[in-house]
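Visitor: I am new to reading protein models. Could you walk me through this one, one step at a time?

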Amino acid sequence: MDSNNTNYNGLKSRFSPLGIWAFSIGASLGWGSIVITCSSFLEKAGVHGTGFGLLAGLFVILIITWNLQYMIRNNPDAGGIYTFEKRVGGKEMGFVTLWFVLLAYFAVLWANLTAVPLFVRFFFKDAFKFGFHYRVFGYNVWFGECILSIAVLAVVLLLCSYSRKLPEYVMILAALAFVFGFMICAGVAFCSHDSSFSYSPFFMEGSSSILQVVRIASISSWAFIGFESISHFSEEYSFAAKKVRGILLASVIVSTVVYILVCILTISAYPQEYSGWLEYIRDAGNLQGIKALPMFYAVDYYMGRRGVTILMLALLSIILTSIIGNMMALSRLLYAAGREGELPKGLSLLNSKGIPYKALGFVAAITIIIPFLGRTTIGWIVDVTTLGATLIYGLIAHGAYLCAKKNGNRAVTAAGMVGMVLMGVYAVLLLVPGLLPFNAMETQAYALFIGWSLMGMLYFWYLIKKDKNRQYKDRMVAWIIFLILLLFCSLMWVSRVTENAADKVIRNAYEYHHEHHDATEDPLERDKFLEDQADSIANTTTLYTMATLFVFVISLAIMLSNYRENQKLLAEKAMEDQKIYYRLAALNGNLIALYLVDPETEHYREYSSSKDFQQLDIAKEGENFFKETHDNGLKVVYSDDQELFTSLVNRESVFAGIKKNGLFELDYRLVLRGKPNYIRLKAAIVEEDGKELLIVGLLDVNSQVMHEIEYAKDMAMAKQMASKDELTGVGNKRAYSDLENQLNEDIKAGKVSEFALVVCDVNGLKIVNDLFGHKAGDVYLQKACEMICNVFVHSPVFRIGGDEFVAVCQGRDYDNIGELMDQMAFANNDNRDRGEVQVAYGMSKYDKDESVVAVFERADKLMYERKAEMKAEMNL
């Protein structure tokens, strides 16, 4: 292995906020977007239509920006959109994202690299037109110009591979150069023309102004592709990820301003031979030199060679930032995909500076052949970014929606939903024939997109063949996306080809009519001509329809092959899961059923070896776990537990319990063999193959619960016996201590407002014991206790000593404590007259005392005073 490799440390932080802004705006603006796009917009919608359309497009991009910044803040990893979508949407969506982001970024890189010789042609004429040359689709390819492009590629490769900070500095200087360059030139041009100058037409004739604004808004969003590339550098930010929101907003707003400035500059001046700017820019493609570029003509008109130099530097800076920005973004994307194993691992190697030099070399190796293909071919590839950008923006919105919904962020959830809907509408406009009144993509671009999608399907099939651990669980999602794209792109391709063939036939018929307009025309020759033209359309349609059918059949064959593999793997996985269940059941004999549930979709599979459970006739597999569990609960759960079961066994309660405690548990009774059986439900979330899985186990705990119930009864009985005075049946001293402790806790907590203690002492017990024996003494105590209990019917009575009792009065007895004391006096007097047992007593009320002891001591003192009085009365 390369001794310079520092893979163990990963990417290093290096980019400042200003540098990231420069990468964002630099990667999104390029030669085509500046030189061609603005003129195209103006031709389609006029000055106001273009301006308002760009602002409307900015609104759409701001929605995508809001989703993008949320994505970066939640997933600051190399690979940006790809790694984020993979994390929240699954490996399948991650691969789809990877495949189409690669297409878009490579296309923009290639477009700007081949713009270098085009730039030279405009300003330095034939300086690099040397060596062999040939034509590709009408474009002259010169060896010298190819060498120039390769030299620029080599310089950028060296710059990006062996310097940590220099690429950022170059990007910052170049981005500032083109922004201020366009501001200066547009400002001078706008302020210099006289008052008679007219910017009209403000809108184009032939369609409504609203439709023209919508038309520009619907295509201007694609002019921003590349601004999101900074997500691929998020692992290398030297600042907090939360700052990326302001950076992205500054990028898209400044980009929109640049587009508007270029539009103003483009129409600020025109040669005298033209009646207005519209006629001029429509004819610019037929002109040579500086007149072929309207904005350069305007700058030369108002500022002379100095202005042309400024604008040349600005345009050259745009080309340079686009090449560097997209090349570095691609390298980080390839690095991340190599690290994740979806591309060769070698692409994830880093040099001693923490730079993915292998990925940069791969980008350069693929790109080195591009200059030899010609600008026309690259133009078709760039056209593909129209649909590619729609998919990328839609995937950003999709990932943000899933993540925000999971995190409970309503604002981003709404933005994600809106973004997906908007991109869905864009995709329909691009893929359904006849909806757009203009061609957003060339016919050849659809063919290239079909080829790229087919390659994606083949590579995905290859990845799945290697996927022995079945990490691509929802692989059908990727197949369906690829198949839909292939189907609709094929329809658009056939539609465009047929449309072109029909246009050719119309031109042929027009020429034929002008050549054979005399009366001597042979009817047979005319019929033969019309028949040939009809055959031409029919043959073209048949040929391309068959080609589309072939592509579709190949796609279906790949998909069906994968489906068979998938079914085989699913069967193997089910058997393995069943084996695992049997092993668990063997180790844990009370496990009667196990459910594996996908938390997102609620698809579930049940495993059970219990015959009693299998007889319940519950589905082994389904798509809505919690709903079906609720419905089954009403059938098989014991009636007394159904309300408990249905109220707690739902998605919200189960996941809340897992989130709080790591585990959800519930005991209930299931009717097995016609009898209620105690079951313990346990649920937990585990991670399996990088994806969350809900595991729900049902354990037979009937023996354990019944034993616990019996044990609880025995303990309650034992506690009751331990707290009861064996002789009298009232509470003993231990029971009183428990109540005393509870009252003390309530006093500290401020929960007690009123209670009273009545302390009693039995008179004459010693005399009875001495004269008649202890059995008589026991009867004597029982009678004393009966007397006390008959008075304090609603209060607990305790025997706390040999002849001592205490009553704790609350509630009704507390409210009637005076009457109860009178009843005690009456009972004593009556017993005295009959020679029966007498009890001395003292009562004290709680009076904000610190503890029960203080109340007891007052009552006890009063009791002894009363006892002395009773003794004196007996002596008398």
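Visitor: In which element does Ser149 lie?
Guide: Keep in mind that this is a predicted model. Follow the chain through residues 143–162, which make up helix 6. Ser149 lies in helix 6.

Visitor: Is Ser149 buried or exposed?
Guide: Residues under 20% relative accessible area count as buried. Ser149 has 1% relative accessibility, so Ser149 is buried.

Visitor: Which residues does Ser149 touch, not counting residues up to four places away in sequence?
Guide: Sequence neighbours up to four places away are set aside here. What remains for Ser149 is Leu113, Thr114, Pro117 and Pro371.

Visitor: Which residues line the second largest cavity?
Guide: This cavity holds about 80 Å³ of space. Strand 2 (139–142) and helix 6 (143–162) each give two or more residues to its lining. Ser149 is one of the lining residues. The full list is Thr114, Pro117, Tyr139, Val141, Trp142, Glu145, Cys146, Ser149, Pro371, Gly374 and Arg375.

Visitor: How do the residues of that lining divide into nonpolar, polar and charged?
Guide: Glu145 and Arg375 are in the lining of the second largest cavity, and Glu and Arg count as charged. For the lining of the second largest cavity, the split is six nonpolar, three polar and two charged.

Visitor: How many cavities of 30 Å³ or more does the structure hold?
Guide: Rolling a probe the size of a water molecule over the atoms shows where empty space is left. With the cut-off at 30 Å³, the structure holds five cavities.

Visitor: How much space lies in the largest cavity?
Guide: Its lining has 17 residues. Tyr595, Ile618, Thr629, Phe645 and Leu698 lie nearest the centre of the largest cavity. The space inside is about 190 Å³.

Visitor: Which element gives the largest share of the lining of the largest cavity?
Guide: Three elements give two or more residues to this lining: helix 20 (625–636), strand 6 (664–672) and strand 8 (691–700). The lining divides into 13 nonpolar, three polar and one charged residue. The largest share is six residues, and they come from helix 20.

Visitor: How many disulfides does the structure hold?
Guide: Two cysteine sulfur atoms must lie within 2.5 Å to count. For Cys185, the closest cysteine sulfur is in Cys191, 13 Å away, so that pair is too far apart for a bond. Cys185 is also buried, at 1% relative accessibility. The number of disulfides in the structure is zero.

Visitor: How many salt bridges does the structure hold?
Guide: Salt bridges can share partners, as in the network that joins Arg14, Glu236 and Arg332. For the whole structure, the number of salt bridges is 23.

Visitor: How many residues apart in sequence are the parts tied together by Glu340 and Lys86?
Guide: The side chains of Glu340 and Lys86 meet in a salt bridge, 2.8 Å from N to O. Glu340 lies in helix 11 and Lys86 in helix 3, so the pair ties together parts that are far along the chain from each other: 254 residues apart.

Visitor: Which of the two, Glu340 or Lys86, is buried?
Guide: The cut-off for buried is under 20%. Glu340 has 36% relative accessibility and counts as partly exposed. The relative accessible area of the other residue is 11%, so the buried one is Lys86.

Visitor: Which residue forms a salt bridge with Arg680?
Guide: Arg680 lies in strand 7, and its partner lies in strand 6, 13 residues apart in sequence. Arg680 is buried at 16% relative accessibility, whereas the partner is partly exposed at 33%. The closest N and O atoms are 2.8 Å apart, and the partner is Asp667.

Visitor: What kind of peptide bond joins Ser200 and Pro201?
Guide: Pro201 has its place in the loop between helix 7 (166–192) and helix 8 (209–220). Omega is about 5° for the bond between Ser200 and Pro201, and the bond is cis.

Visitor: Is Arg673 buried or exposed?
Guide: Arg673 is found in the loop between strand 6 and strand 7. Its phi is positive, near 55°, in a residue other than glycine. The cut-off for exposed is over 50%. Arg673 has a relative accessible area of 57%, so Arg673 is exposed.

Methods
Residues numbered from 1 in each chain as written. Predicted model: local features only at pLDDT ≥ 70, side-chain atom pairs only at ≥ 80, totals over all residues. Heavy atoms only, no water. 1 Å grid on protein atoms, 1.4 Å probe; cavity = no way out; pocket = protein on both sides within 12 Å on 5 of 7 lines; lining within 4 Å. Points joined across faces, edges and corners; volume = space filled by probe spheres on them. Helix = DSSP H or I, 4+ residues; strand = E, 2+ residues; numbered from the N terminus. Buried < 20%, exposed > 50% of the residue type's maximum accessible area, 1.4 Å probe, protein only. Salt bridge = Lys/Arg side-chain N within 4 Å of Asp/Glu carboxyl O. Contact = heavy atoms within 4.5 Å.
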